[in-house]
Structure formats: C-alpha cells, structure tokens
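Trainee: Please take one part of this model and look at it closely, after first placing it within the fold as a whole. I would like to follow how that part is connected to the rest of the chain.

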Amino acid sequence: MTLKVAVAGATGYAGGEILRLLLGHPAYQSGELVIGALTANANSGQTGAALLPHVPQLADRVMEKTDPAVLAGHDVVFLGLPHGYSADIAKKLPESTLILDCAADFRLENPADWVEYYGNDHAGTWPYGIPEMPGHRERIAASRRVAIPGCFPTGATLAAMPAIQAGIARPDVNVVSVTGVSGAGKKARVSLLGSETMGSLKAYGTGGRHRHTPEIAQNIAEVAGARAGDVKVSFTPVLAPLPRGILTTVTAPLEEGVDTARARQVYLDFYASEQFVWVMPEGIQPQTKNVVGTNMCHLQVEADERSGKLLVTTAIDNLTKGTAGAAVQCMNIALGFDETAGLPTVGVAP
C-alpha cells in the first residue's frame, strides 16, 4: 500500500520543514509514501521553485488552495496553519485520515484556558504529541488525530517532567526560553525585521500572557499527578536574533536532600530509552547551534544547593523537535514506522 501525504500550509516555516523531513524519510525513498497536495492560500498558484527552493525535488509542484476537497483522499494530512483554522478542515476529512495539527487548536484540555488565551470557541482536545510523556505513545498510536505541541512547551516539558514526576522538585516552575525569530512564522511584522532584531534581545508575552503558558501548566499538572493542584508556572519568552533554536531554563524548588548526583540519576533513568533526548555529561551545557535541523533535545540538569533550586537547561530546534520533527515522529508512531525514521539526530558543525 502506498501512503499519500498532504501538507496544508506547505510554504510556511513548519510546512517547509515537514517537507524537508518527509523527503528524507525511508518510506519516501522506497516509494511507500508519496507527497500529494501542497496547499498555501496566499501563495496558491505559485511553484515550489519560487517558494521552497531548499527542497528542489518539489520545484515543479504548484501550490493549491487549502480546501478540504483538495486534502480529501490523502492518508495523512499535516496542518501547518495559523491557530483557529484546523478544526473546520478536520471535521470535513474522513475519520480514517491521520491528521497531525501543528497549530494550537486541539492542544488544551480546559475550554476556559482556550477562550482566555485564544478568544474563540474551544474545538476540543486530541491526543497530545510529546511521545516522551508517559502514556502518550500509546494514545498517539491508537489515534488518527494528533495535536502537535507548541515549541516552547516541548523544551519546557522535557526539562521539568522527570523531576516533577519523581517528586524531587516541587511543581512551582519558572521557565525562561530564548527563541529565534522563525517561531513567529513568516508573516510580515515590523518587530521581526532584521533591523529591529539584530544585536538585540527582548522579552515578550510577559506576566503569564503568552499563549503557551497554559499548555506548559497542563503538561506539568499531568506529570505532577496528585500534586496537580499545587502547580504554578511562570513563563517568560525572550526573542533573540537567531533564525532557529530555543534555549530553555527551568528552575523549581528542590525537595530536601536532593543533590546534583540524585537529580542527574533521575533524568538518566527517565530518558534512558529515549533516542531524541540526550542528557549531557556533567559540566557541558546545551547550545542551540548543536541541534539545528535535528529532532534532538540536549539537556543538562543540576542542583543549585545554595538556593535550593533544580536547574534544567534544554536546547531544541523550534522548527524540528519543536514542530515539524514532532509531527513526523507522531506520524511514525501512528503508522507503525520506526519512530526515528526520517528524523536527523546529528547536527551540523561548525
């Protein structure tokens, strides 16, 4: 059987990254998977050569309108659309279609959180696409609808999750993430111009206003279990003059008697079988340059015994592990492929 895959929003950063990964996928190389419709409303009628020059294999393809009729008939549909558009498309596609939504539409469980942060009606909740979270692989494998996580929640969740679940740190979590400009997408905006961002750092979405705040809190509450009612999350994103990458630091109060050796062992045990999370040797810090284009999360953990705080640092590529790589990883799980298929783990240096 040949699987036919469509990408909606193919000319956006997430869509383009999905295509890059699919073209390197073993199933594409063998002919088991073919790339069907590529849609892009604002750019419909234009060619891949003009819009996606980094994937010359698709140079002759013409972008179509993002319409359910165009996407119907595909086995797999990736939705790389702005928030609020996925729900209407998804309900018009067959239940047998595997849909991987890279927007926020189906990530949140609490309708009140959705209304507060996004301002319209909640569309529902799909299985959540961080496979490293306990129980999530099984949910993804059993579903034909998957909500791909936000890039900030991915780095923050992978950083905090082992300590919170093991009970060595309290679920009072402070998250600071430094991000590249591609996380905002391709839309034109004065604040993202080179002359506005080069040589400068700026915090934004502060004071709990960023839309990824409730998503991070939801994930922390899930792994906190019985302590979920005690969960507190403070999240501050910082814009940096980088094309790609997110460096996240997470701090949380340590339980008494926990030192770096104990914290490291918790993380080494938790991620022992995870091929996309590397707990780095002690004393080596994650850097965004080492994960660009990969589906990896590089992680360092230590105990700051003077302040009584856990400190965890993660580096991910926001477009790969933070979005498109997560989507392909979830596709692999849902379709029964090797989970690592088509997903780079080796960075480019220098």
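**Helix α12 and its surroundings**

Mentor: Among the contacts in the protein that link residues at least 6 apart in sequence, 69% join residues at least 24 apart, a contact being heavy atoms within 4.5 Å. This is a predicted model, in which local features need pLDDT of at least 70 and side-chain atom pairs count only at pLDDT 80 or more, while totals for chains, interfaces and linings use all residues. Residues are numbered from 1 along each chain as its sequence is written, and side-chain values use heavy atoms, with hydrogens and water left out.

The protein contains 12 helices and 12 strands, which are DSSP runs numbered from the N terminus (H or I over at least four residues for helices, E over at least two for strands). Its radius of gyration is 20 Å, close to the 20 Å given by the globule rule for 350 residues, so the protein is as compact as a globular protein of that length; the radius is taken over C-alpha atoms, and the rule is 2.2 Å times the number of residues to the power 0.38. Along the principal axes, the C-alpha atoms fill a box of roughly 60 × 45 × 40 Å. Of the 350 residues, 52% count as buried, where buried means under 20% relative accessible area, exposed means over 50% and partly exposed lies in between (1.4 Å probe, protein chains only). The protein exposes about 14,600 Å², of which carbon and sulfur atoms supply 52%; these areas come from the Shrake-Rupley method with a 1.4 Å probe.

The part to look at closely is helix α12, which covers residues 320–335. Thr-320 lies in this helix, and with a relative accessible area of 0% it is buried. The side chain of Thr-320 is joined to that of Glu-17 by a polar contact of 2.6 Å. Such a contact is a pair of N or O atoms within 3.5 Å; within protein, one atom must be able to donate a hydrogen and the other to accept it, and residues adjacent in sequence count only if both atoms are side-chain atoms. With neighbours within four places in sequence left aside, Thr-320 is also in contact with residues including Arg-20, Leu-21, Arg-244, Gly-293, Thr-294 and Asn-295, and within α12 itself with Ala-326.

Lys-321, also in α12, is likewise a buried residue, its relative accessible area being 2%. Its side chain makes a polar contact of 2.9 Å with the side chain of Gln-329. Beyond residues up to four places away in sequence, Lys-321 touches Glu-132, Thr-154, Leu-158, Phe-276, Thr-294, Asn-295, Met-296, Ile-316, Ala-326 and Gln-329. One of these partners, Asn-295, is 26 residues away in sequence, yet the two C-alpha atoms are 4.3 Å apart in space. Thr-294 and Asn-295 are thus partners of Thr-320 as well as of Lys-321.

Leu-335 also belongs to α12, but Leu-335 is partly exposed, with a relative accessible area of 26%. Outside the four nearest places in sequence, Leu-335 touches Leu-3, Val-76, Leu-98 and Arg-144. Its C-alpha atom is 20 Å from that of Phe-106, a residue 229 places away in sequence. In the segment after α12 lies Pro-350, and the peptide bond that leads to Pro-350 from Ala-349 is cis, with omega near 0°.

Strand β12 (residues 309–316) gives some context for the helix, and Thr-314 is found in it. Thr-314 counts as buried at 0% relative accessibility, and its side chain reaches the backbone oxygen of Gly-155 at 3.2 Å. Its contacts, leaving aside neighbours within four places in sequence, include Gly-155, Ala-159, Ile-246, Leu-247, Cys-297 and His-298. Ile-246 and Leu-247 are also contacted by Val-178, a residue of strand β6 (residues 172–179) that is partly exposed at 27% relative accessible area. Gly-155, in turn, falls within helix α8 (residues 151–166), where Ala-166 also lies; Ala-166 counts as partly exposed at 41% relative accessibility.
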